[in-house]
Amino acid sequence: MHPEAPATVSLQLDKAAAALRRRWPTALLALVIWFGIGMVACSLAPTSRTATAAVTVESFAAASPTTGTPPAPDMPTEQQNVTSTAVLDQAGRALRVSASAVDGALTVANPAQSRVLTVSYTAASAAQAAQGANTVATTYLTVRRTAALAQAHAQTAVLQAQISLLRRDLPRPRKAPGALENADGQQLANLEAQVTDLALVDDASGGHVTRQATPASATSGPSLVIYLAGALVLGLASAVAVALLRDRMSRRASDPQLLSSRIGAPVVVANRHTSANDVLRTLALRLDLDARTATRTIAVAGTPTPALAHLLAERMGHQGLRTRLVQASDVSPLGVDRGWPTAKVGRVLIVDLGSDIDDPVAATVASRCDLVILVVTTKAPLAHTDAFLALLRAAGRQVTGAVLLDRQHPLCTAAEDGAMTTSPAGSSNPPADDALEQEGA
């Protein structure tokens, strides 16, 4: 299992590379289109910029002389307070956007667990980003101080009420105070000290902006390089897919590799300058046609003229084989029904099916031959070839080999003459039905 996997992958890559070479204009067009799409997407994509302000948070009890070391602010709570509803609503009104829009553009961090909060704001422009970060930072400090003052004033009112009650119950100066009066006096002093501490909240800032946000120069989001890299990947994938699709949908023969993969058999290429003798020699080597002891019944399909079938019969006749050439039109249904064609050892029967190969009879005759040689002319439509292959595969047979002939090759332009209808071994062919009976005898 494991040794076959790399070979399969390599075969698929070779197939894709061959398709790209054959269809390089189409592949290049697909690549250019995707590059254009990447450029347009980059230009139309919304860009955003981010600015950051820094806020130092201080305790409101820092100004009290009676508390000693002031308690440190609860930074996780303060970090959440920046995104509270009160802050978002006021900042949204100042920025003329909704509170949800402010929340979506806002990022708050507490670096290194310090007393500093970083407020980052993302907007379409650098100026808007800086304005948003500074507005949120100052709004947070304002809301925090307002809440602290409101709480301090409420607590002061409660303490003042308690002080009033205590003062009413205290004895008059001419009466000596007892133990209870002394306790009330101490409590009164404590309450007055708390009122003094709360009064100092009015003078405390609770924090300040230590770094104002400035318009950022760098944009956030994918850059042009990322868009072009993505376009390159998608373009290559599309180029391969389009090239393979065009190969699959191709209706004309133009490339030997494509034709070979289409029919599942080796292909002999016959250029316009390749001699007929070289074509026959290559075909004989590919299909092992020089074995004299082999029993051969050969069907030659798709020939525009009988030249190739005639020359093949002549070549095999020169090898000492008793060769007989018949035309597909001379094959009778009666002969096919009797199990024809057959050939004895040392004899070769060649059936020229001609170019009308989409006939079911032609496929039936070819399916009963030992070898099936397909002849295709370059740039010729493959509709008849595909129909013949479908009929042949339905009969359980495959094409043994093929010849891809150039349009200007002599085998394509050769005209029929009387010599092509004579027997290759020097004797004339008998009628087709007699030939079938003699070969089957």
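1. Ser 367 is placed in helix α13, which covers residues 360-367, and in this predicted model the residue is buried, with a relative accessible area of 16%. Its side chain reaches the backbone oxygen of Thr 364, and the distance given for that approach is 2.6 Å. If residues up to four places away in sequence are set aside, Ser 367 touches Leu 392, Ala 395 and Arg 397.

2. Ahead of α13 comes a loop that links β9 (347-354) to this helix, and Asp 356 lies in that loop. Whereas Ser 367 is buried, Asp 356 is exposed, its relative accessible area being 58%. A reader tracing the chain may also wish to look at Pro 304, since Asp 356 and Pro 304 are 52 residues apart in sequence but 9.2 Å apart in space, taken from C-alpha to C-alpha.

3. Helix α10 is made of 12 residues, 276-287, and from its first C-alpha to its last it reaches 16 Å, which is close to the 16 Å expected at 1.5 Å a residue. Its buried residues are Val 279, Leu 280, Leu 283, Ala 284 and Leu 287. Viewed down the axis of α10, these buried residues fall within an arc of 130°, and they therefore line one face of the helix. The cover over the buried residues of α10 includes the strands β6 (267-270), β7 (296-301), β10 (371-377) and β11 (401-405), together with helix α11 (307-318). Directly after α10 comes Asp 288, a residue whose phi is positive, near 55°.

4. How many salt bridges does the structure hold? There are two, and one of them is formed by Asp 278 with Arg 281, where the closest N and O atoms are 2.8 Å apart. Both Asp 278 and Arg 281 lie in helix α10, three residues apart, which is about one turn of the helix. An α-helix has 3.6 residues a turn, so residues three or four places apart point the same way. Asp 278 is partly exposed, with a relative accessible area of 33%, and Arg 281 is likewise partly exposed, with a value of 36%. Neither residue is thus listed among the buried residues of α10, which are Val 279, Leu 280, Leu 283, Ala 284 and Leu 287.

5. The other salt bridge joins the side chains of Arg 144 and Glu 78, with a distance of 3.0 Å from N to O. Arg 144 belongs to helix α6 (residues 126-169) and Glu 78 to helix α3 (residues 75-81), so this pair ties together parts that are 66 residues apart in sequence. Are the two partners buried or exposed? Arg 144 is buried, with a relative accessible area of 13%, and Glu 78 is buried as well, with a relative accessible area of 10%. The setting contrasts with that of the pair within α10, where Asp 278 and Arg 281 are partly exposed.

6. A last point concerns the backbone at Arg 96, where phi is near 65°, a positive value in a residue other than glycine. Arg 96 is found in the loop between α4 (85-95) and α5 (99-105), and the residue is exposed, with a relative accessible area of 80%. A positive phi is also given for Asp 288, the residue that follows α10, where the angle is near 55°.

Notes. Residues are numbered from 1 along each chain as its sequence is written. This is a predicted model: local features need pLDDT of at least 70, side-chain atom pairs count only at pLDDT 80 or more; totals for chains, interfaces and linings use all residues. Side-chain values use heavy atoms; hydrogens and water are left out. Helices (H or I, at least four residues) and strands (E, at least two) are DSSP runs, numbered from the N terminus. The expected span of a helix is 1.5 Å times one less than its number of residues. Buried means under 20% relative accessible area, exposed over 50%, partly exposed in between (1.4 Å probe, protein chains only). The arc is that of the directions from the helix axis to the C-beta atoms. Contact means heavy atoms within 4.5 Å. A salt bridge is a side-chain nitrogen of Lys or Arg within 4 Å of a carboxyl oxygen of Asp or Glu. A polar contact is a pair of N or O atoms within 3.5 Å; within protein, one must be able to donate a hydrogen and the other to accept it, and residues adjacent in sequence count only if both atoms are side-chain atoms.
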